[in-house]
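Please look through the following protein with the report below beside it, and take the time to find each element as it is named.

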Amino acid sequence: MVSAGIVLGAGPASAAPAPIKLTSASCPNEIVQGQASGCVTELQRLLNAHGAGLAVDGQFGSATLYAVREYQAATAIAVDGRVGPATKSKLYATGGSAPAPVSLNSSSCPANLVQGAKGGCVTELQRLLIHHGYVVDVDGDFGAGTASAVRSFQSAHGLTVDGQVGTNTKRALYDTDESPSTGLDLRSASCPANIVEGQSGGCVATLQSLLNGKGHSLDVDGSFGPQTLAAVKAFQSASGLSADGEVGPNTKAALYSNIGGGGGNGAPAPINLNSASCPNEIVQGQHSGCVTELQSLLNHHGADLAVDGDFGPLTDSAVRDFQSEKGLSVDGQVGPNTKAALYGAVTPPSSPPPGGGYAKILDVAAAEAGTVEGSARANSYGSAVGLSLSTSNYAWCATFVSWVAKQTGASSYRNTYVSGWVKQARAGNYHLSVTTNPQPGDIVAFDWDGGSDFTGGHEHIGIVRTVSGGSSFTTVEGNTSNPNGGGDGVYVKSRSTNSGYDVVFIRVR
């Protein structure tokens, strides 16, 4: 679900030191946890311009450290929590001077946001457009580039193309969309071996999104036309590939490679530890995307490592601490048992009876609460449906439900479309059925724009956590906004059956 971007406590605290430009001689080469100064005030203001939601107090505490790491991960900088030259430069280059985002639905924003507007409402608009795959500067200034992106968004969503962000456009921007078109992995069997001009569909939409992530500015419309062809050729040329405009295996591999290279500017792209690309045992001295993934997973478990893809002594120590905590053999070698524990996989019975894992569904889902979108942990959910995309690049609510179903053995059904889950439940397939008496552990599907047809890309899905009687219930959902502000992830949300959207409860037994 697209984050509402409401920033809590983002205004400067009265005691905060005056901000100092990070690149000035007054700020240290590296700003790190524990420092307190105007440099930290400036850092917090810049992070808030990217949606961090920090209290601006000039104190580099744990919340600021977490925000720094999230920003570094999102921009392919080595995730070490230290604000050095690369992080400073990126903060200013990516619109860090923008006003803090303000929810478009708040009373602070006009009913119709139009070109020429400035401020936090525009920052929020620009962040939402980026979430939907458009490339705009996040500067809080509604200029021609933002207006063009708004029109493209309106056209893609069947809205009046007037460039004005009114009620319908706001709703579409905030609506959870499955974006199945950009959930396709170009390297999967679902896409042609060679994607070429004239083709259309989800594979082309994914291609366009990936090209935009490499600095191009395409409309993500799923149509491989002249502009997409030009962008493909430019990317191939810049990557040292044959610039033939055909997206084959080499071009696909380059598109999925990590942004940035060595020299401390970017860790190797993470690789799932269970893939054939990673050794059976990952050990000290190795340097690869497998180690990047390992470090990210260890940090998910509280390790506090620099994510640089280098298996050094600190990573070795963190591995041993993790193994000790989980009751594993403490040898510093990341083999099958340690990998399984890092991913927190719940091993289903070898031959689970139909719906046999039903009782585990809520426990497994609830244990994931707090997992942040784009993290190695969140990205691992895609393995349930054969996706290796970052969760930052597609809407993954149904992927999360599929992952939970796979872990528990509760159902053999997997699908990245909410509509698929509803269709199978209504047909009584895969031990799924529709119920009007929801219980904890049931699945719940939402159709934000009504009609109960669960089509059109404005759907969402989660798992029922509690039912309080009447119309209210709580859920565990993936790809949903953090109720405390910040990025999307797996969180507990309060929902209702009478809030203007349609709800279908699915029993798994």
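The report below moves from the whole chain to the sheet, its helices and its aromatic rings.

## The protein as a whole

The model shown here is predicted. Its chain folds into 16 helices and 6 strands, and of the 509 residues in the protein, 50% are buried. Among contacts with a separation of 6 or more, 52% are made by residues that stand 24 or more positions apart. The protein exposes about 20800 Å², and carbon and sulfur atoms supply 49% of that area.

## The sheet and its edges

In what order do the strands of the sheet lie? The 6 strands form an open sheet in the order β1-β6-β2-β3-β4-β5, with antiparallel pairing. The edges are held by β1 (432-435) and β5 (489-496), each of which has a single partner strand, so one side of each is left without a neighbour in the sheet. From one strand to the next, the twist averages 40 degrees. As a general point, strands of a sheet pair through backbone hydrogen bonds, and they may do so in a parallel or an antiparallel way.

## From β2 across to β5

Strand β2, which covers residues 443-447, is joined to β3, residues 459-467, by 5 bridges, and the two run antiparallel. One residue to look for here is F446, whose bridge partner in β3 is H460. The ring of F446 also has the charged end of R495 sitting over it, 5.3 Å from the ring centre.

Further along the sheet, 4 bridges join β3 to β4, again in an antiparallel arrangement, and V467 has F473 in β4 as its bridge partner. Strand β4 is in turn joined to β5 by 7 bridges, and these two strands also run antiparallel; here S472 stands opposite S496 in β5. Is β4 mostly covered or mostly open? It is mostly covered, since 8 of its 9 residues are buried.

## Two helices packed on the sheet

Returning to the pairing of β2 with β3, which is made by 5 bridges, one can ask which helices pack there. Helix α15, residues 397-408, packs on the sheet and touches β2, β3, β4 (472-480) and β5, while its direction makes about 50 degrees with that of β3. Helix α16, residues 418-427, likewise packs on the sheet, where it touches β1, β2, β3 and β6 (502-508), and its direction makes about 85 degrees with that of β1.

Within α16, the buried residues are V418, G420, W421, V422, Q424 and A425. What covers these buried residues of α16? Their cover includes helix α15 together with the strands β1, β2, β3 and β6. Just after α16 comes G428, which takes a positive phi of about 75 degrees.

## Aromatic rings

Rings whose centres lie within 6.5 Å are counted as a pair, and by this rule the protein has 8 aromatic pairs. Why is the pair formed by Y413 and W421 called edge-to-face? The centres of these two rings are 4.9 Å apart and their planes stand at 85 degrees, and an angle over 60 counts as edge-to-face, so the pair belongs to that class. Both Y413 and W421 are buried, and W421 is also one of the buried residues of α16.

Ring pairs also link Y381, W396, F400 and W403 into a cluster.

Technical notes
Residues are numbered from 1 along each chain as its sequence is written. This is a predicted model: local features need pLDDT of at least 70, side-chain atom pairs count only at pLDDT 80 or more; totals for chains, interfaces and linings use all residues. Side-chain values use heavy atoms; hydrogens and water are left out. Buried means under 20% relative accessible area, exposed over 50%, partly exposed in between (1.4 Å probe, protein chains only). Contact means heavy atoms within 4.5 Å. Accessible areas come from the Shrake-Rupley method with a 1.4 Å probe; for residues, only the protein chains shown count as cover. Rings of Phe, Tyr and Trp (its six-membered ring) pair if their centres lie within 6.5 Å; planes under 30 degrees apart count as stacked, over 60 as edge-to-face and the rest as tilted. A charge sits over a ring if NZ of Lys or CZ of Arg is within 6 Å of the ring centre and within 35 degrees of the ring normal. Two strands pair if DSSP finds at least two bridges between them. Axes are lines fitted to C-alpha atoms, for helices over the stretch in contact, and angles run from 0 to 180 degrees between N-to-C directions.
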